[in-house]
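Biologist: Please take one part of this model and go through it closely, starting from a single side chain and working outwards. I would like one connected account rather than a list.

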Amino acid sequence: MAHDYLKYVSSMQSASLQDLMREYGTEVWNYAFLLTKSRHVSDDIAQDVFLQAYLHISSFRGQSSVRTWLFSITRNKVINYKRSAFFRKVTLLDFLYQAPSAPSAEEQFMNRAYTDSIWESVMKLPPKFREVLLMDAQYEMPLAEIAQLLSISIGTVKSRLHRARAKMRTLIEEAESVEGS
């Protein structure tokens with residue numbers, strides 16, 4: 001990891017904010033959306049994250065990957081946002097996907113419907129379970145990095161991950177039983 005830090009900081013002088021956003025932008029935005037459930041808020045937070053990261057690259061010490069460092073900044077920005085009066089008064093709900101503009105084939109439709117139902121189930125999980133599940137499954141982060149990012153023990157990460165998977169199984173089974181009715 002220290003090697004990544006030295007490599008990254010030495011290249012940062014010639015890198016631009018745009019390069020940083022191009023490499024990690026989608027993941028940071030997705031993580032912000034996971035935590036806020038709002039496209040508009042995720043846009044704002046992602047921009048703030050990259051600006052802060054670029055301005056404070058000297059605070060990156062290489063104790064984690066650049067991605068984990070950016071996720072940590074993202075998480076802090078979201079926590080600050082949720083503490084604001086605006087968030088407490090107004091909850092914006094967006095859909096994970098926009099409706100396609102052209103009709104698709106039956107198989108594509110069924111796959112999309114299944115994916116949408118899985119994401120709906122994921123978004124129903126309590127934030128502490130949703131967060132560890134996606135850090136593990138979507139971002140394939142090691143448990144130690146998840147623990148570091150969330151400032152919890154590895155045992156707590158494992159416990160939350162186990163409970164998140166159990167809740168997902170229950171939610172999927174409930175959804176399938178409703179469809180079968």
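Biologist: What does D19 count as, buried, partly exposed or exposed, and at what relative accessibility?

Modeller: D19 counts as partly exposed, because its relative accessibility is 33%, which falls between the limits of 20% for buried and 50% for exposed. Note that this is a predicted model, and the values below are computed from it.

D19 forms a salt bridge with R22, and the closest N and O atoms of the two are 3.0 Å apart. Both residues belong to helix α2, which covers residues 17-36, and a separation of 3 residues puts them about one turn of the helix from each other. R22 has 57% relative accessibility and therefore counts as exposed. As background, side chains of opposite charge can pair when their charged atoms come close. A search of the whole structure gives 4 salt bridges, and the bridge of D19 with R22 is one that stays inside a single helix.

Further along α2, E27 takes part in another salt bridge, with R67, at 3.3 Å from N to O. E27 is in α2 while R67 is in helix α4 (residues 66-83), so this pair ties together parts that are 40 residues apart in sequence. E27, at 25% relative accessibility, counts as partly exposed. R67 counts as buried, since its relative accessibility is 19% and the limit for that class is under 20%.

The bridge of E27 with R67 sits in the packing of two helices. The axes of α2 and α4 come within 10 Å and cross at roughly 35°, and the crossing is right-handed. On the α2 side the contact is made by Y24, E27, V28, Y31, A32, L35 and T36, which meet V66, R67, L70, F71, T74, R75, V78 and K82 of α4. Sorted by class, this contact has 9 nonpolar, 2 polar and 4 charged residues. E27 and R67 are among the residues in it, and they are also the partners in the salt bridge.

T36 is another member of that contact, and T36 lies in α2. T36 is buried, with a relative accessible area of 7%. Apart from neighbours within four places in sequence, T36 touches V41, S42, I45 and V78. V78 is in the α4 part of the helix contact. Next in sequence is K37, found in the loop between α2 and α3 (39-55). K37 has a phi near 60°, which is positive although the residue is not glycine. With 27% relative accessibility, K37 counts as partly exposed.

The α4 side leads on to a third helix. R75, listed in the contact with α2, also forms a salt bridge with E131, where the closest N and O atoms are 2.9 Å apart. E131 is in helix α7 and R75 in helix α4, so to speak of this pair is to speak of distant parts of the chain, 56 residues apart. E131 counts as buried, at 5% relative accessibility.

E131 also has a place in the packing of α7 (residues 127-137) with α8 (residues 143-150), whose axes are 10 Å apart at an angle of about 140°. These two helices are therefore oblique to each other, and their crossing is right-handed. α7 contributes E131, V132, M135 and D136 to the contact, and α8 contributes L143, I146, L149 and L150. By class there are 6 nonpolar, no polar and 2 charged residues in this contact. Beyond α8, S151 is found in the loop between α8 and α9 (154-180). S151 has a positive phi of about 60° and is not a glycine. S151 is exposed, with a relative accessible area of 65%.

For the setting of these pieces, the protein has 9 helices and 0 strands. Of its 181 residues, 35% are buried. Among contacts with a separation of 6 or more, 68% join residues 24 or more positions apart. The E27 and R67 bridge, across 40 residues, and the E131 and R75 bridge, across 56 residues, both link such separated parts of the chain.

Methods: Residues numbered from 1 in each chain as written. Predicted model: local features only at pLDDT ≥ 70, side-chain atom pairs only at ≥ 80, totals over all residues. Heavy atoms only, no water. Axes fitted to C-alpha atoms, helices over the stretch in contact; angles between N-to-C directions. Helix = DSSP H or I, 4+ residues; strand = E, 2+ residues; numbered from the N terminus. Parallel < 35°, antiparallel > 145°, perpendicular 65-115°, else oblique. Left-handed = near helix turned anticlockwise from the far one by under 90°. Contact = heavy atoms within 4.5 Å. Nonpolar A, V, L, I, M, F, W, Y, C, P; charged D, E, K, R; others polar. Salt bridge = Lys/Arg side-chain N within 4 Å of Asp/Glu carboxyl O. Buried < 20%, exposed > 50% of the residue type's maximum accessible area, 1.4 Å probe, protein only.
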